[in-house]
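Colleague: I'd like to go through the cysteines and the aromatic rings in this one. Can you pull it up?

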Amino acid sequence: MADLKQEQSDAGLKERFFRYFQHEVIALQEQIEQLAEKSATGGERTDGVDHCLAGIARLSHEVKDASSYIPAYDQRTYAEAIKALTEKLNTTRASFAPRTKFQFKGRATSAISHHKNPSAISITDAAELAAQQKPKAGSGGGGGGGGSEGASTTESSAFASPAPATPAEDETGEEDAFVNRNLTSAQRAESIMRQPSFSGTTSVAIAGHSNLHILVPAAASHATSSGSVGNLRHCVVDLSLPAAHGGPFAGLTVKHVKDSLVVCGRVAGPIHITGVRNAVLVVACRQFRMHECANVDVYLHCASRPIIEDCKNIRFAPIPAVYHPPSSSEEPNLWDQVDDFKWLRAEPSPHWSALAPASRVPDPVWRDMVPGGPGLGLDAILAAVGVGAAAKGVEGA
């Protein structure tokens, strides 16, 4: 009986690690493809390359750490996928190298350029290899999530083409004519609401602000190809109007936000959240990834299992009615089926919980207060949605 329980526990760990590895590979593919969009000046592209290298190295170490419960043939599949990522990064870096005016090509060089390295493997090759290993997993007591309904579909797409690209994480684009970093505290208090214009852009970027209520207008509905929110302190940011009046954001990045409320609107693809503390988020998305966050309440509608990593005290609740996506009745909302990829144990993760109904923000607050209006100050809105409430009693808050 004990052996059976151990086998079931190992199978669950393998399944969770497979989902984790799948998402990490897709995220690294996206980051590598976005390197070409980064500026070659100011070290932005170099930082991006270093970030990709660190991610690949970390993923390789995590495969080694999981070797105690992952069969050898699954480990080989993971190793081939990591090799493919390394090859992809090297090829991308080579494309950035300046071309010399004159180049002499000898026979040896020509032979190298026309023959593929037999040890290299593409992401598609890795997917095919993973599919080939599936029957072996079934015959060997379950590997890589064997025995779970729908697992074959998940595994066959593990290393497929990535989802719609998210904006570059280091992007700090300017908003049109509303940046007010030089205002005094008194001036900010008198003019707390800002409605930026995005008439000349195709994406939304809100970055580098504090003590502001920022409402992105419906007129920015043409600028939802991507979005990023970063480096904010004590702010309310509402991105819901552009997505409601146009199409959803293709992807969204939220990075380094503290003591704030961010209403993210609808996201057709993934949302990546990093370094958020003492905050409240409202999100409707297809894929949810959260890294290195603490003391955050998340009101969520997500079509796939949300993923957290290196997080503490994250509380989840279903998205408020006022922000329900139009398709919410046609797809499941997996807001409470969270995978913690830093808690690969049979016991529930201590790093997240479901926000009790009595502690959730009432619908009238979302409908009447969060959009702002006469007599509604920034502090009143943040207090009404509970910013900072999740931090009570948590070390390091």
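**Rings and sulfurs**

Modeller: Here's a starter: the charged end of Arg45 sits over the ring of Phe96, 4.0 Å from its centre. That label needs NZ of Lys or CZ of Arg within 6 Å of the ring centre and within 35 degrees of the ring normal. Bear in mind that this is a predicted model, where local features need pLDDT of at least 70, side-chain atom pairs count only at pLDDT 80 or more, and totals for chains, interfaces and linings use all residues. Residues are numbered from 1 along each chain as its sequence is written, and side-chain values use heavy atoms, leaving out hydrogens and water.

Colleague: Why is the sulfur of Cys285 not in a bond with that of Cys302?

Modeller: A disulfide takes a pair of cysteine sulfur atoms within 2.5 Å. Cys302 has the closest cysteine sulfur to that of Cys285, but it's too far for a bond, at 3.9 Å.

Colleague: How many disulfides does that leave?

Modeller: Cys264 is in none, and its nearest cysteine sulfur, that of Cys285, is 8.6 Å away. By the same cut-off, the count comes to 0.

Colleague: Are the rings of Tyr299 and Trp366 stacked or edge-to-face?

Modeller: Rings of Phe, Tyr and Trp (its six-membered ring) pair if their centres lie within 6.5 Å; planes under 30 degrees apart are stacked, over 60 edge-to-face, the rest tilted. Here the centres are 5.1 Å apart and the planes at 70°, so the pair is edge-to-face.

Colleague: Which residues form one aromatic cluster with Tyr20?

Modeller: Tyr20 pairs edge-to-face with Phe341, 4.7 Å centre to centre. The cluster holds Tyr20 along with Phe17, Phe18, Phe21, Tyr78 and Phe341.
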